[in-house]
Structures are given as structure tokens and as C-alpha cells.
Amino acid sequence: PGAAEVQLSSMDTSLLKMSPFDVDHSVADSYPKWAIHPQGPFRMMWDIAQILVLCYVSVMVPLRVAFNVPAMGASYVLEVIFDLYFLADIYVNMRTGFYSDDELVMDLSKIRKHYLV
């Protein structure tokens, strides 16, 4: 492969082939049922949604503040949904594993402590 080509490990490519709701049972059985793998397909889709929501918010909030334009109709409903998304993001983050010294931590009590500290 050329210098500009990026090589993915077999673990990386298997994660990319999974749908957002697939579970690799060989790995998933080793951590709590409701824990979310930080590089899994669900978390990847969640982060993409986060980027899209943040793009909307980063444009609309300054416009609303600068020009005193209230959210009405569909934009109001959309912004309430985004507020609920941010609330759900707290829950998702408190369930998402993390790496500590190159070791994946999937213990829910350690995840919560890591998120809150």
C-alpha cells in the first residue's frame, strides 16, 4: 500500500460493516448489557447525529439572539426535539465505555464516575 493509503485492522472493518444495532456477541458478552462500546456502530451513529444537531444549533442560536427571532411552528418542535436529544446524550455518555491506559473500561459504575469527574 502507498503512504497515503490508510489500513484498517480487522476489528475496525468489522465495526464498519455492522448496522447501528448489531452486537458482536463474542465481545459484547464480556461487558454489562446496557454499556455502549465507545467505537461501536451505535455510538458512531450517535456522534454523527450530534454533529448535525450541533451544526444546526451553532447557526440558529446566534441568529435568534442577534435578530430576536423566536422559534415558531416546525422550528420550535425541532428545537424541542434537539433539547431532548441533548438530555438523552447525558444518559448515553453515562453508558459509554472509555479507554484508560489503552484498556477498555466497560464497568457502569466506573463509567459514571469517569463521566462525572
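**Exercise 1. The length of α3**

What should the 27 residues of helix α3 (residues 41–67) span at 1.5 Å a residue, and how far apart are its end C-alpha atoms?

Solution. The model is predicted: local features need pLDDT of at least 70, side-chain atom pairs count only at pLDDT 80 or more, and totals for chains, interfaces and linings use all residues. Residues are numbered from 1 along each chain as its sequence is written, and side-chain values use heavy atoms, with hydrogens and water left out.

Step 1. Helices are DSSP runs of H or I with at least four residues, strands are runs of E with at least two, and both are numbered from the N terminus.

Step 2. The expected span of a helix is 1.5 Å times one less than its number of residues. For the 27 residues of α3 this should give 39 Å.

Step 3. The end C-alpha atoms of α3 are 39 Å apart, which agrees.

Step 4. The 20 residues of α4 can be treated likewise: they should span 28 Å, and the end C-alpha atoms of α4 are 28 Å apart, which agrees.

**Exercise 2. Confidence and layout**

State which part of the chain has pLDDT under 50, then give the order of the elements.

Solution. Step 1. pLDDT is the predictor's confidence in each residue, from 0 to 100. The chain averages 84, and 75% of the residues score at least 70.

Step 2. Over residues 2–11 pLDDT stays under 50, and the model has 3 contacts (heavy atoms within 4.5 Å) for them beyond four places in sequence. Where pLDDT is low, the predicted coordinates should not be read in detail.

Step 3. The chain has 5 helices and 2 strands, in the pattern α-α-α-α-β-β-α along the sequence.

Step 4. Of the contacts in the chain with a separation of 6 or more, 52% are between residues 24 or more positions apart.

**Exercise 3. The two sides of α4**

Find the buried residues of α4 and say how they are placed around the axis.

Solution. Step 1. Buried means under 20% relative accessible area, exposed over 50%, and partly exposed in between (1.4 Å probe, protein chains only). Buried residues make up 25% of the 117 residues in the chain.

Step 2. In α4 the buried residues are Glu79, Phe82, Tyr85, Asp89, Val92 and Asn93. They cover an arc of only 120° around the axis, taken from the directions from the helix axis to the C-beta atoms, so they are on the same side of α4.

Step 3. The face turned away from this buried side carries the exposed residues Asp83, Leu84 and Leu87.

Step 4. The cover over the buried residues of α4 includes α3 and α5 (108–116). In α3 itself, Pro41, Arg43, Trp46, Gln50, Val53 and Arg64 are buried.

**Exercise 4. Aromatic pairs**

Classify the pair formed by tyrosine 85 and phenylalanine 86.

Solution. Step 1. Rings of Phe, Tyr and Trp (its six-membered ring) pair if their centres lie within 6.5 Å; planes under 30 degrees apart count as stacked, over 60 as edge-to-face and the rest as tilted. The structure holds 4 such aromatic pairs.

Step 2. The ring centres of tyrosine 85 and phenylalanine 86 are 5.9 Å apart and the planes stand at 70°, so the pair is edge-to-face.

Step 3. Tyrosine 85 counts as buried at 13% relative accessibility, whereas phenylalanine 86 counts as partly exposed at 26%.

Step 4. Ring pairs link Phe42, Trp46, Tyr85 and Phe86 into a cluster.

**Exercise 5. Two buried loop residues**

Describe the surroundings of threonine 96 and alanine 35.

Solution. Step 1. Threonine 96 sits in the loop between α4 (74–93) and β1 (98–100) and is buried, with a relative accessible area of 8%.

Step 2. Outside four places in sequence, threonine 96 is in contact with Ile36, Pro38, Arg43 and Ile111. Its side chain makes a polar contact (a pair of N or O atoms within 3.5 Å; within protein, one must be able to donate a hydrogen and the other to accept it, and residues adjacent in sequence count only if both atoms are side-chain atoms) with the side chain of arginine 43, at 2.9 Å.

Step 3. Alanine 35, in the loop between α2 (25–28) and α3, is buried, with a relative accessible area of 9%. Not counting residues up to four places away in sequence, alanine 35 touches Arg95, Met106 and Leu108.

**Exercise 6. Positive phi**

Locate asparagine 68 and aspartate 102 and give the phi of each.

Solution. Step 1. Asparagine 68 lies in the loop between α3 and α4; its phi is near 50°, a positive value in a residue other than glycine. At 69% relative accessibility, asparagine 68 counts as exposed.

Step 2. Aspartate 102 is in the loop between β1 and β2 (103–105) and has a positive phi of about 65° although it is not a glycine. At 80% relative accessibility, aspartate 102 counts as exposed.
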